[in-house]
Amino acid sequence: MRKIIFTILLSAGAFSASAQSFWEKGYVTGGLESNSIYYVEDPAGGSVRPDGGFGTNNYLKIDCGLGKFEAGLQMEGYFPQLLGYPEQLKGFSLSNRYLRFRDKGFTATVGDFYGQYGSGLLFRAYEERSLGLNTALEGVNLGYNWDGKISVSAMVGFPKAFKEYNYGSRIIGADFSVNLMELAGHGDLFNLSLEGSFINKHQALESEWMEGLISPDVNGGSARLLFDWNGLTLKGEYVLRDSDVSVYNNYETGKSRAILAEGTYTSGGFGANLTFRRILNAGFQSDYNQGTMFTALNYIPALTQQHTYSLASLTPYQSQMDGEVGGQADVYYFFARGSKLGGNRGMRVHTNFSTFYGPSPMPEIKADELYFRDLTLDAERWWGRHVKTVVLYTWQTYNNRVGAHPSYEFRRSHTIVGDVTYKINNKHAVRAEYQHLWSGQGDGNWCAGTVEYTISPGWSFSVSDMWNYGFTRIHYFNGGLSYSRSKIRAALNFGRFREGYQCAGGVCRLIPAYTGANFTLTTSF
């Protein structure tokens, strides 16, 4: 607790410093994020209570700038880390520090930096605190953009592995993009861009027996094409890379390949997106001794509907690095205000269909089999000035042989959601939500409900329960309140949480079941 107080006081001091003029020409900005949980014993929910019964994750970020120069740092403290976060994060660390120079399209960064080539299939270094991810590189990153016509960048760095950097593994990369139409002086007609990237990972072998089995160098490249015209966008990407031979891919030596094709069209109130992806041996780790999401060098999210309702996201799909093929279709339409269906504030309808196949995990099955399928329909509409409704239906099929429950083959479910918000006046509103899931496999049927009351601009109160009445008969109750004012938000809730997945951007981590009180605080200056 003393360490938490110290972190808060440090941010307060930084806030006071930023209030003063930074040499009357510069700036200082920053933010503090703290997430703490006190865990309690709860045998009924199968909860895990760590030693000490307490966990807290804290992040303090400060950035400053003067003229063409920028600098920043980030401090992190896990005292200890929350359940589900890697043990290697425990303690305090100065996790990020950088110095950047910008001038007339040229950018140079020394220190810690993030980046992404194309869609991330070849390379991505990024931070996602909700997952415990920070895959920054420490080194030098150079970039130049010539009036939006040609963009080039090059980097060399050492990958982050939890709190430390792996100086035994070196990453070199380069990326370019050429806007052919802008270069020809016809950018007003349409956009046509040609892009490409290269990556190299060099890691010295630890033992003689690895020679001939594992190469110290892993090379890869991607080629991309982008077309954009009058609401129509077409993207294509092909990635070819050496196999990242290691324990986690069973010492697979075959090439890594990926194909991504995406088309988007918007016009008026209509929008549609079609995405296809095929990957083979796609995993790429900063260290061949590792095999986790926390040390990944690329980004391969699940291309499925990212559900926000709890029952619809009980078993989210996760990309299978060994190999998969599939995609999704996403279509929406907005009925305009004043139309018969749109009413006085409009109505949005949306549907998403996603499906993925891949090699069977069972050796005796030679053909590809279904991994995941999801059909979702939802609609949102205001009824007058005071009532808004959201209705949702999703039908999912999940292959548990590639998931966390190999004891049964497929889990099929139907889920409906009804969500009603009543705006009492300009300050007060109440929202009620009901969910129901039917399934003949796994834990069977579920139901869930939430009631939330908000007082603008700051207060929110909620109570909820998620009940598995099909098998375990366990209630997962929760109650909480939050307060927001200016750049500060604080929230407190208490309840029982089932084992499940925390997802962000199609990437997920498993969280153990727990019961406890959760306090979060975020502020910026």
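This note goes through the charged pairs, the enclosed and open spaces, and the unusual backbone geometry of a predicted model.

1. Salt bridges overall. Across the whole structure, a search finds 19 salt bridges. Side chains of opposite charge can pair when their charged atoms come close. The points that follow take up some of these pairs, and then a charged residue that has no such partner.

2. The pair R496 and D42. The side chains of R496 and D42 form a salt bridge with an N to O distance of 2.6 Å. The two residues come from distant parts of the chain, 454 residues apart, with R496 in strand β28 (residues 488-497) and D42 in the loop between β1 (27-39) and β2 (54-66). Both R496 and D42 are buried.

3. A network around R431. D419, R431, E433 and E452 are linked in a network of salt bridges. Within this network, the side chains of E433 and R431 meet at 2.9 Å, N to O, and those of R431 and E452 meet at 3.1 Å, N to O. The latter pair joins distant parts of the chain, since R431 belongs to strand β24 (residues 428-439) and E452 to strand β25 (residues 446-455), 21 residues apart. As to exposure, buried means under 20% relative accessible area; R431, at 19%, therefore counts as buried, and E433, at 11%, is buried as well. E452, with a relative accessible area of 22%, is partly exposed.

4. E237, a buried acid without a salt bridge. Which side chain of opposite charge is nearest to E237, and how far away is it? It is R224, at 4.3 Å, and E237 has no salt bridge although it is buried; this is because a salt bridge requires the nitrogen and the carboxyl oxygen to lie within 4 Å. E237 is located in strand β16 (residues 232-241), and its side chain makes a polar contact of 2.8 Å with the side chain of S119. Apart from neighbours within four places in sequence, the residues in contact with E237 include Y117, G118, S119, L121, R224 and I259.

5. Cavities. The structure holds two cavities of 30 Å³ or more, and the largest cavity has a volume of about 100 Å³. Of the 13 residues that line the largest cavity, Y78, L89, G132, L133 and N134 lie nearest its centre. The elements giving two or more residues to this lining are β3 (69-78), β8 (127-128) and β9 (133-134).

6. The second largest pocket. This pocket has a volume of about 930 Å³, and among its 40 lining residues the closest to the centre are G291, Q318, S319, Q320 and M321. Strand β30 (residues 507-511) contributes the most to the lining, with four residues.

7. Backbone geometry. Most residues other than glycine have a negative phi, and most peptide bonds are trans. A cis peptide bond joins F79 and P80, with omega about -10 degrees, and P80 is in the loop between β3 and β4 (91-103). Another cis peptide bond joins S456 and P457, with omega about 5 degrees, and P457 is in the loop between β25 and β26 (459-468).

8. Positive phi at two asparagines. N230, in the loop between β15 (217-229) and β16, has a positive phi of about 50 degrees although it is not a glycine, and with 61% relative accessibility N230 counts as exposed. N281, in the loop between β18 (270-280) and β19 (323-335), has a positive phi near 50 degrees, but N281 is buried, with a relative accessible area of 6%.

Notes
Residues are numbered from 1 along each chain as its sequence is written. This is a predicted model: local features need pLDDT of at least 70, side-chain atom pairs count only at pLDDT 80 or more; totals for chains, interfaces and linings use all residues. Side-chain values use heavy atoms; hydrogens and water are left out. Buried means under 20% relative accessible area, exposed over 50%, partly exposed in between (1.4 Å probe, protein chains only). Lys and Arg count as positive and Asp and Glu as negative; His and the chain ends are not counted. A polar contact is a pair of N or O atoms within 3.5 Å; within protein, one must be able to donate a hydrogen and the other to accept it, and residues adjacent in sequence count only if both atoms are side-chain atoms. Contact means heavy atoms within 4.5 Å. On a 1 Å grid over the protein atoms alone, a cavity is a set of points where a 1.4 Å probe fits but cannot get out, and a pocket is an open set with protein on both sides within 12 Å along at least five of seven lines; lining residues have an atom within 4 Å of a point. Grid points are joined across faces, edges and corners, and a volume is the space filled by probe spheres set on the points.
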